[in-house]
Structures are given as structure tokens and as C-alpha cells.
Amino acid sequence: DSSWVTGCDYLTQLKRVVAVTERTVVIWDYKSQGSCQDNCFIIKPMEHCLLCVCTVNLGDQLAKDDILMGDDGGHVNLFTVTSDDFGLKQSKAKKKSQLQILDSRKFKNIKRKLHDDWVVKVKFISALNCFGSCSLDSVHSFVLDDLKRLEDNLPVREFSVPRGVNAFTYCGKANIIVTGGDDKVLRLWHPNINTKPVGKLLGHLFSVMEIVTNEKDQHIISLSTAKVKYYPLTS
């Protein structure tokens with residue numbers, strides 16, 4: 001695709017790479033010989049600009065992958081792809097290599113608006129059996145809930161943060177969610193308590209853009225637009 005790639009992940013069941021651009025979903029068979037364009041399926045058009053993507057790893061699905069995507073309309077999309085969608089079960093007769101375009105309307109896509117600003121990151125947290133999504137929206141900054149909430153209109157578990165959330169991560173050993181954003185503060189949340197963080201970590205002078213955890217050493221590693229800091233996790 002000629003547009004910017006805004007995110008990518010690995011489809012564990014189909015054994016392919018999924019990437020999203022502004023208006024398309026790209027499924028790439030990275031193991032096949034030939035140029036990348038010869039081994040790609042382009043799914044389009046998408047209604048909104050796609051900004052992030054992740055795979056839902058449930059472990060009990062065969063020949064099917066669920067994909068979470070966030071867009072510039074504040075929606076979280078649950079998009080399902082199967083081996084049949086790409087003819088992966090057909091005979092291995094040699095075919096003429098070409099870029100294949102698929103109609104997005106033929107795929108199962110569940111969508112719900114959860115934020116009033118761009119969805120900048122989306123993840124599936126297997127340990128909690130929940131998805132998480134974040135936005136620069138100061139009211140609906142971070143959402144953590146069951147995938148079923150994307151299919152109904154029931155209230156979702158929302159965490160509000162001044163100036164929104166750019167990044168989040170989960171530490172299983174400490175059982176905390178860590179969020180960070182433009183207000184430069186790292187907030188520690190219990191996954192089931194969204195009214196008030198259980199702790200705050202200060203020190204960044206610029207917006208926090210990414211957070212990961214080192215489970216072994218119990219460190220939070222956060223990246224701002226200027227410097228890198230890490231914090232030891234405490235009970």
C-alpha cells in the first residue's frame with residue numbers, strides 16, 4: 001500500500017503478518033518467496049483512518065484470528081479473518097503472483113465508539129481476558145473491559161486522566177495497569193478500580209509516549225519525547 005503503516009502484529013493462527021494503514025488492512029505471507037506485494041492481501045476500504053492494531057490471542061481458535069483496531073473516529077473494531085477468506089485451504093497449484101484486493105464488507109467487523117478522540121493504542125491482555133484502548137480524550141482516556149462490550153451498549157470500565165493517555169501496559173506479578181500521557185505522570189491502577197489510581201510516578205518533563213514492563217526485575221520502563229526513565233515496581 002502507498003499509505004503510511006500505522007501498526008502491525010502477528011496472526012498466530014493464520015501465521016501471517018497483519019498491518020494497518022490509513023484505510024486498509026494488509027495481510028502479508030512473509031514466508032512466501034517473491035516480492036512483498038506478490039504475497040499480500042489488501043482489505044479495503046475502511047470507514048475511518050486506522051491508527052493501531054493488535055491480535056486477540058485466545059488460544060482456542062483454529063484457522064481464525066480476531067484483530068483489534070483503533071481509528072481516528074474513537075472506535076475500537078473487532079475484525080475477524082479466517083483461512084477461507086484468503087483461500088488458504090485451496091490446492092497449492094502455482095498461481096500467477098499478484099496483489100489481491102478484498103472487499104472489507106465481506107468480513108465480520110464489530111465496532112463501538114468508546115472515545116471522543118483518536119484511539120492511539122489498543123491491546124488484548126490475555127491475563128485479564130480484557131482489551132484495553134487509550135486516547136487523548138480526557139474523560140474516556142483509557143478503557144479496560146471484556147470483548148463482549150464491543151457488541152453491546154452496556155457501560156464500559158473507563159479511566160479518566162487529564163490530557164488523556166498515550167500508552168499503557170499491564171504487569172501481571174504486581175497486577176497493575178500503568179498509564180502515561182501528555183501530563184507527564186505515570187499512574188498505577190488496579191484493573192478493577194477505575195475511580196482513583198493506587199499510585200503515581202513523577203519525573204518526566206515531557207509527554208510519555210510508550211510504557212513496557214520488565215516482569216523479571218519488576219521495572220516499569222517508560223519513554224518520553226525527551227528521555228527514558230525506569231521505575232522499580234513496589235507492592
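Where in the chain does R163 lie? R163 is in the loop between β13 (158-159) and β14 (167-171), and we'll come back to it once the overall layout is clear. First, a word on what you're looking at. This is a predicted model, so to speak of local features takes a pLDDT of at least 70 and side-chain atom pairs count only at pLDDT 80 or more, while totals for chains, interfaces and linings use all residues. Residues are numbered from 1 along each chain as its sequence is written, and side-chain values use heavy atoms, with hydrogens and water left out.

Start with the big picture. The chain has 0 helices and 20 strands; both are DSSP runs numbered from the N terminus, with helices being H or I of at least four residues and strands E of at least two. Of its 235 residues, 47% count as buried, where buried means under 20% relative accessible area, exposed means over 50%, and partly exposed is in between (1.4 Å probe, protein chains only). Take the contacts in the chain with a separation of 6 or more: 47% of them come from residues 24 or more positions apart, a contact being heavy atoms within 4.5 Å.

Now zoom in on one sheet. Five strands are easy to follow here: the sheet is open, has 5 strands in the order β1-β2-β3-β4-β8, and its pairing is mixed. Two strands pair if DSSP finds at least two bridges between them. β1 and β8 stand at the edges with a single partner strand each, so one side of each has no neighbour in the sheet. From one strand to the next, the twist averages 25°, using axes that are lines fitted to C-alpha atoms (for helices over the stretch in contact) and angles from 0 to 180 degrees between N-to-C directions.

At the β1 end, strand β1 (residues 7-11) and strand β2 (residues 16-20) run antiparallel and are joined by 5 bridges. If you want a landmark in that pairing, D9 has V18 in β2 as its bridge partner. The two strands form a hairpin with 4 residues between them. One residue to look at in the turn is K15, which has a positive phi of about 60° although it is not a glycine. K15 counts as partly exposed, at 39% relative accessibility.

At the β8 end, the direction of pairing is parallel: 4 bridges join β4 to β8. Here I42 stands opposite I101 in β8. Just along the chain there is a backbone detail to check, since the peptide bond from K44 to P45 is cis, with omega near 0°. P45 lies in the loop between β4 and β5 (50-56).

Next, the aromatics. A search of the whole structure finds 8 aromatic pairs; rings of Phe, Tyr and Trp (its six-membered ring) pair if their centres lie within 6.5 Å, with planes under 30 degrees apart counted as stacked, over 60 as edge-to-face and the rest as tilted. One of these is F41 with F86, a tilted pair at 5.0 Å centre to centre and 55° between the planes. This pair links distant parts of the chain: F41 is in strand β4 (residues 40-44), F86 is in the loop between β7 (75-82) and β8 (100-103), and they are 45 residues apart. F41 is buried at a relative accessible area of 9%, and F86 is buried at 5%.

Then there is F79 with F107. Their ring centres are 5.4 Å apart and their planes at 25°, so this pair is stacked. F79 lies in strand β7 and F107 in the loop between β8 and β9 (108-113), so the pair ties together parts 28 residues apart in sequence. F79 counts as buried at 0% relative accessibility, and F107 is buried too, at 9%. Put the four together and you get one aromatic cluster of F41, F79, F86 and F107.

A ring also turns up with a charge. The charged end of K123 sits over the ring of F168, 5.0 Å from its centre; the criterion is NZ of Lys or CZ of Arg within 6 Å of the ring centre and within 35 degrees of the ring normal.

Back to R163, as promised. Its phi is near 70°, a positive value in a residue other than glycine. R163 counts as partly exposed, at 48% relative accessibility.
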